[in-house]
Amino acid sequence: MIQIGEWRVIDGQTFPAMDFDGMKPNFFTLNGKAYPATERLQARVGERVRVRFIGTGQFIHPMHLHSQPFEIVETDGNPVPIGARLIKDTVLVGPGERYDVEFVARAPGLWLLHCHINHHTTNDGAEDQGAGGLTMILDVSPAAPG
Ligand SMILES: [Cu+2]
């Protein structure tokens, strides 16, 4: 479960961001943390992974996974019938929306899961260790032996 949020931090005080001058977001969080403090998702090759994106703020986020596409299996808590499921590289998560996506991890490595709006992967307009904000790492290890 990944809750996507946006915040306006002014002089060390944090406010929910809004879409007007002076309150636009300057920090973006996944489960309350901005990259590089975001948690890591762990998987093994061959393992089915489900991720639930929850848009908790006021902005739309095109969430994108490197390494492979995912299947949208549930929207707002309602299962998507198998014949109607979309295979996507990116899913737009709007305010109040939930998307459950699934994929079978296929390549070992460290893969980025991030918002595709560049400004949303910064912390107060800057990058830290090459990214920020709405970025997390999917850590796929080789398949278990046997
Ligand atoms: Cu975004």
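E71 stands opposite I87 in β9, and in β11 the bridge partner of E71 is E102; strands here are DSSP runs of E with at least two residues, numbered from the N terminus. The model is a predicted one, in which local features need pLDDT of at least 70 and side-chain atom pairs count only at pLDDT 80 or more, while totals for chains, interfaces and linings use all residues. Residues are numbered from 1 along each chain as its sequence is written.

Strand β7 (residues 70-75) runs antiparallel to β9 (residues 87-88), joined by two bridges, and pairs with β11 in the antiparallel sense over four bridges, where pairing requires that DSSP finds at least two bridges between the strands. β7 also pairs antiparallel with β8 (residues 78-79) over two bridges, with T75 opposite N78; in this hairpin, which has two residues between the strands, D76 takes a positive phi near 50°.

The largest nonpolar core (buried Ala, Val, Leu, Ile, Met, Phe, Trp, Tyr and Cys residues joined through C-beta atoms within 7 Å) has 22 residues, of which F53, V91 and V93 touch the most other members. Among the strands that each supply at least two residues of this core are β3 (27-30) and β6 (61-65), and β13 gives the most, with four residues. Beyond its neighbours within four places in sequence, F53 is in contact (C-beta atoms, placed from the backbone, within 7 Å) with residues including M63, V91 and V93.

Q58 lies in the loop between β5 (48-55) and β6, and counts as partly exposed because it has 17 C-beta neighbours inside 10 Å, where 20 or more would make a residue buried and 12 or fewer exposed.

Notes: Two residues are in contact if their C-beta atoms, placed from the backbone, lie within 7 Å.
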